[in-house]
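Student: I am new to this structure and would like to know how its terms are applied. Could we go through them one at a time?

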Amino acid sequence: MTSARPTSVVLPSLAQLRALLAVTDAGGFSEAAAELGVSQSTLSEAISKLEVLAGRPLLRRGRTGTVPTPAGERMLTHARAAVQAAGDALLAAQEDTQLRGMLRVASFRSTATHLLPPALAAFRAQHPGVTVQLLDGEAEGGGEGLVRRRRADAAIVIEENWTDLRLTPLVMDEYLFVAPARRGAHPVTPDDLGGPLLLAPGPNTCNLRVMGYLRRCGVQPEQVTEIGEDSVILGMVAHGLGVSVMPRLALEPLPAGLVALPLPERLMRPLALATLPHRANLPVIRAFTETLLGALHRPHAPVPEPAAALPGGSSLLH
């Protein structure tokens with residue numbers, strides 16, 4: 001009696017999976033083809049072969065662009081993991097002193113302005129073969145979401161109890177009450193927080209933290225106005241159109257005409273570097289983490305310190 005040979009399974013190629021990711025991320029075949037440097041026909045052929053293997057359509061073309069079908073959505077997470085794993089296999093083989101490739105780091109604007117530049121300069125000097133791409137850490141569900149979806153390799157985030165991410169603590173950044181300078185520097189009371197309150201658009205981690213703090217203080221702002229640019233918020237506060245609560249790093253340098261003061265009870269944002277646990281020890285990610293920590297702990301590094309009354313024009317960082 002002879003045993004039947006197992007039926008061979010045809011698996012998708014990395015090129016096919018990359019094509020699916022490229023078209024989905026770009027929202028169309030022409031955009032994806034330009035990004036990858038291939039022809040649209042090459043992409044279409046790759047997607048067609050992938051759909052044959054899947055046994056169903058994976059993309060749907062519409063008036064607003066090309067979007068994944070439900071089956072395509074289910075495939076995307078695994079496609080990203082497969083493509084990333086292939087790249088990680090090469091990254092894992094690199095020597096620490098000869099790193100190459102791309103490192104994608106998501107960051108808040110404030111941390112990208114005040115915390116990252118010294119680290120990026122040191123990292124470039126040590127590893128000139130690595131290109132660092134900075135991503136908006138406040139878009140698409142925040143930096144933690146970008147890391148989870150494998151769109152970023154690391155992200156500066158506000159530390160939470162996330163069991164699926166490796167979090168490396170960085171610094172503590174304090175939230176401050178921002179008001180027109182004519183208010184003076186006398187202590188802030190809960191009544192001062194009643195509004196009108198000007199905040200960055202939510203729901204982001206900063207806004208959720210601030211609004212939760214206000215509720216704990218028993219404060220219900222008369223009006224919350226969401227404004228996309230920090231500079232616009234500060235300009236409106238300086239002209240008496242409201243007050244704000246912002247992290248210390250986001251206020252440097254504090255424009256004239258404003259005062260930044262401690263809140264009635266301190267509110268901190270613990271900043272951390274988030275990575276996927278199984279990727280944290282890849283040489284390039286480990287090297288960046290070590291360089292960032294080294295830059296933050298150097299003497300005279302721009303690390304937030306406990307707040308004091310900060311009149312307009314004073315330096316926020318010591």
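Student: Which residues of α8 are buried?

Tutor: In this predicted model, the buried residues of α8 are Cys206, Asn207, Val210, Gly212, Tyr213 and Leu214.

Student: What makes them count as buried?

Tutor: Buried means under 20% relative accessible area. Cys206, Asn207, Val210, Gly212, Tyr213 and Leu214 are therefore under that cut-off.

Student: What do the buried residues of α8 pack against?

Tutor: They pack against β5 (154-158), β6 (166-180), β7 (197-199), β8 (224-226), β9 and β11 (268-275).

Student: How do you know that the span of α8 is close to the expected one?

Tutor: The expected span is 1.5 Å times one less than the number of residues. α8 has twelve residues, for which 16 Å is expected, and reaches 17 Å from its first C-alpha to its last, so the two values are close.

Student: What follows α8?

Tutor: Gly218 does, with a positive phi near 75°.

Student: Why is the space of about 200 Å³ called a cavity?

Tutor: In a cavity a 1.4 Å probe fits but cannot get out, so this space is closed to the probe. The structure holds one cavity of 30 Å³ or more, and the largest has a volume of about 200 Å³. Of the 19 lining residues, the closest to its centre include Cys206 and Asp230.

Student: Which element gives the most to the lining of the largest cavity?

Tutor: β9 does, with four residues. α8 (205-216) is among the elements that give two or more.

Student: How do the lining residues of the largest cavity divide?

Tutor: Eleven are nonpolar, four polar and four charged.

Methods: Residues are numbered from 1 along each chain as its sequence is written. This is a predicted model: local features need pLDDT of at least 70, side-chain atom pairs count only at pLDDT 80 or more; totals for chains, interfaces and linings use all residues. Side-chain values use heavy atoms; hydrogens and water are left out. On a 1 Å grid over the protein atoms alone, a cavity is a set of points where a 1.4 Å probe fits but cannot get out, and a pocket is an open set with protein on both sides within 12 Å along at least five of seven lines; lining residues have an atom within 4 Å of a point. Grid points are joined across faces, edges and corners, and a volume is the space filled by probe spheres set on the points. Ala, Val, Leu, Ile, Met, Phe, Trp, Tyr, Cys and Pro count as nonpolar, Asp, Glu, Lys and Arg as charged, and the others, Gly among them, as polar. Buried means under 20% relative accessible area, exposed over 50%, partly exposed in between (1.4 Å probe, protein chains only). Contact means heavy atoms within 4.5 Å.
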